[in-house]
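Visitor: I have a structure to go through with you. Let us take it one question at a time.

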Amino acid sequence: MSSTELPSVSASNVLPVVAPVRVGEGERLRSVGLPGVTLSVRSRPPAREGLPPALYVHGLGGSSQNWSALMEQLEDVVDGEAVDLPGFGDSPPPDDSDYSVTGHARAVIRFLDASGRGPVHLLGNSLGGAVTTRVAAVRPDLVRTLTLVSPALPEVRVQRTAVPTALLAVPGVAALFTRFTKEWSAQQRVRGVMALCYGDPGRVTPDGFRYAVQEMERRLQLPYFWDAMTRSARGLVNAYTLGGQHALWRQAERVLAPTLLVYGGRDQLVGFRMAQKAARSFRDSRLLTLPDAGHVAMMEYPETVAGAFRELLADTGELAEDGAAGESAGNAVGSRTAESAGS
């Protein structure tokens with residue numbers, strides 16, 4: 001039981017009947033009941049038994065599906081699971097309606113404690129990067145390595161393109177936006193999201209776009225969709241204002257796990273300029289910069305991110321012998337397409 005946990009609340013949330021969540025070929029989806037929260041967990045059977053466990057945590061408005069491509073790339077080196085944070089993907093809202101960064105971190109900690117799989121290789125994107133940073137800082141016993149893709153850590157000057165997302169935290173804005181966009185189709189919404197999150201939306205395959213539209217149509221039927229988005233955005237903004245030991249950058253400095261940082265040069269939500277600050281703040285860090293990537297490099301360039309992750313495992317002695325061939329291949333991809341710099 002983590003010291004960050006609150007007293008449990010009896011489960012009362014029931015997921016409404018909507019279209020089922022897509023499960024990709026080779027993937028499995030299961031529901032895990034925990035005190036005060038029920039989490040949907042996506043997994044991919046590892047290539048062989050005995051591989052170290054990994055846990056993937058998505059960003060604001062995302063889901064475990066955001067990690068499917070990277071999970072497939074890494075199935076020969078880790079036993080991977082991806083969680084849907086409370087209120088996202090196929091996970092219902094938390095019983096206490098706590099969507100703060102600490103609340104999401106608490107859900108991840110509860111899952112890891114209950115599963116007994118820790119310590120794990122922990123990977124987070126965007127909001128998931130802030131959540132996993134907090135998990136690694138307060139529960140170092142649960143984390144082998146930490147990989148952060150465009151982590152949502154506080155910035156002094158927020159990019160103008162990130163302002164609309166931050167405005168979701170302002171009371172009433174989500175309701176206004178919902179009314180304003182009432183006539184927008186799921187296709188229009190998905191194109192907008194991809195234009196914001198991808199360095200080059202043209203990299204999305206026709207199937208990828210179709211699956212995203214189906215998921216958007218499903219989410220829009222969920223009565224708590226905008227509430228989860230709004231409260232999570234507000235929780236992230238509130239986390240940026242915390243000082244002392246709870247400040248996210250202070251917690252980044254406390255992380256003991258070897259850390260891989262991935263930043264995209266075309267990221268419209270997390271400033272590329274923050275890469276060097278992050279490299280200085282995490283004490284044992286490696287920095288991978290992808291000039292053409294946007295906010296979701298693990299979806300845009302999964303082979304390159306996988307290659308950098310394999311290097312992290314090799315550097316820290318975590319790479320199984322049978323993964324050596326994959327490591328070499330990953331290094332080759334990374335050297336051709338990415339600019340890397342160690343902190």
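Visitor: Is Arg44 buried or exposed, and what is its relative accessible area?

Guide: Note that this is a predicted model. The cut-off for buried is under 20% relative accessible area. Arg44 falls under that, so it is buried, and its relative accessible area is 11%.

Visitor: Which side chain meets Arg44 in a salt bridge?

Guide: Arg44 is in the loop between β2 and β3. Its partner is in helix α1, 28 residues apart from it in the chain. That partner is partly exposed, at 44% relative accessibility. The N to O distance is 3.7 Å, and the residue is Glu72.

Visitor: How many residues apart in sequence are the parts that Asp90 and Arg218 tie together?

Guide: The two form a salt bridge, with the closest N and O atoms 3.9 Å apart. Asp90 is partly exposed at 23%, whereas Arg218 is buried at 2%. Asp90 lies in the loop between β4 and α2 and Arg218 in helix α7, so the separation in sequence is 128 residues.

Visitor: What separates Glu215 and Arg218 along helix α7?

Guide: Their side chains also meet in a salt bridge, at 3.0 Å from N to O. Glu215 is buried, at 9% relative accessibility. An α-helix has 3.6 residues a turn, so residues three or four places apart point the same way. Glu215 and Arg218 are three residues apart in α7, which means a separation of about one helical turn.

Visitor: Is the pair of Tyr56 and Trp67 stacked, tilted or edge-to-face?

Guide: Tyr56 lies in strand β3 and Trp67 in the loop between β3 and α1. Both are buried. Stacked needs planes under 30 degrees apart and edge-to-face needs over 60. The ring centres are 5.3 Å apart and the planes stand at 45°, so the pair is tilted.

Visitor: And what is the pair of Phe225 and Trp226?

Guide: Phe225 is buried, with a relative accessible area of 9%. The two ring centres are 5.1 Å apart. The planes are at 70°, so the pair is edge-to-face.

Visitor: How far apart are the end C-alpha atoms of helix α8?

Guide: Helix α8 covers residues 225-241. Its buried residues include Met229, Leu236 and Ala239. At 1.5 Å a residue, its 17 residues should span 24 Å. The model agrees, with the end C-alpha atoms at 25 Å.

Visitor: Which ring does the charged end of Arg22 sit over?

Guide: The charged end of Arg22 is 3.6 Å from the ring centre. Arg203 likewise lies over a ring face, that of Tyr301, at 4.2 Å from the centre. For Arg22, the ring is that of Tyr211.

How values were computed
Residues are numbered from 1 along each chain as its sequence is written. This is a predicted model: local features need pLDDT of at least 70, side-chain atom pairs count only at pLDDT 80 or more; totals for chains, interfaces and linings use all residues. Side-chain values use heavy atoms; hydrogens and water are left out. Rings of Phe, Tyr and Trp (its six-membered ring) pair if their centres lie within 6.5 Å; planes under 30 degrees apart count as stacked, over 60 as edge-to-face and the rest as tilted. Helices (H or I, at least four residues) and strands (E, at least two) are DSSP runs, numbered from the N terminus. Buried means under 20% relative accessible area, exposed over 50%, partly exposed in between (1.4 Å probe, protein chains only). A charge sits over a ring if NZ of Lys or CZ of Arg is within 6 Å of the ring centre and within 35 degrees of the ring normal. The expected span of a helix is 1.5 Å times one less than its number of residues. A salt bridge is a side-chain nitrogen of Lys or Arg within 4 Å of a carboxyl oxygen of Asp or Glu.
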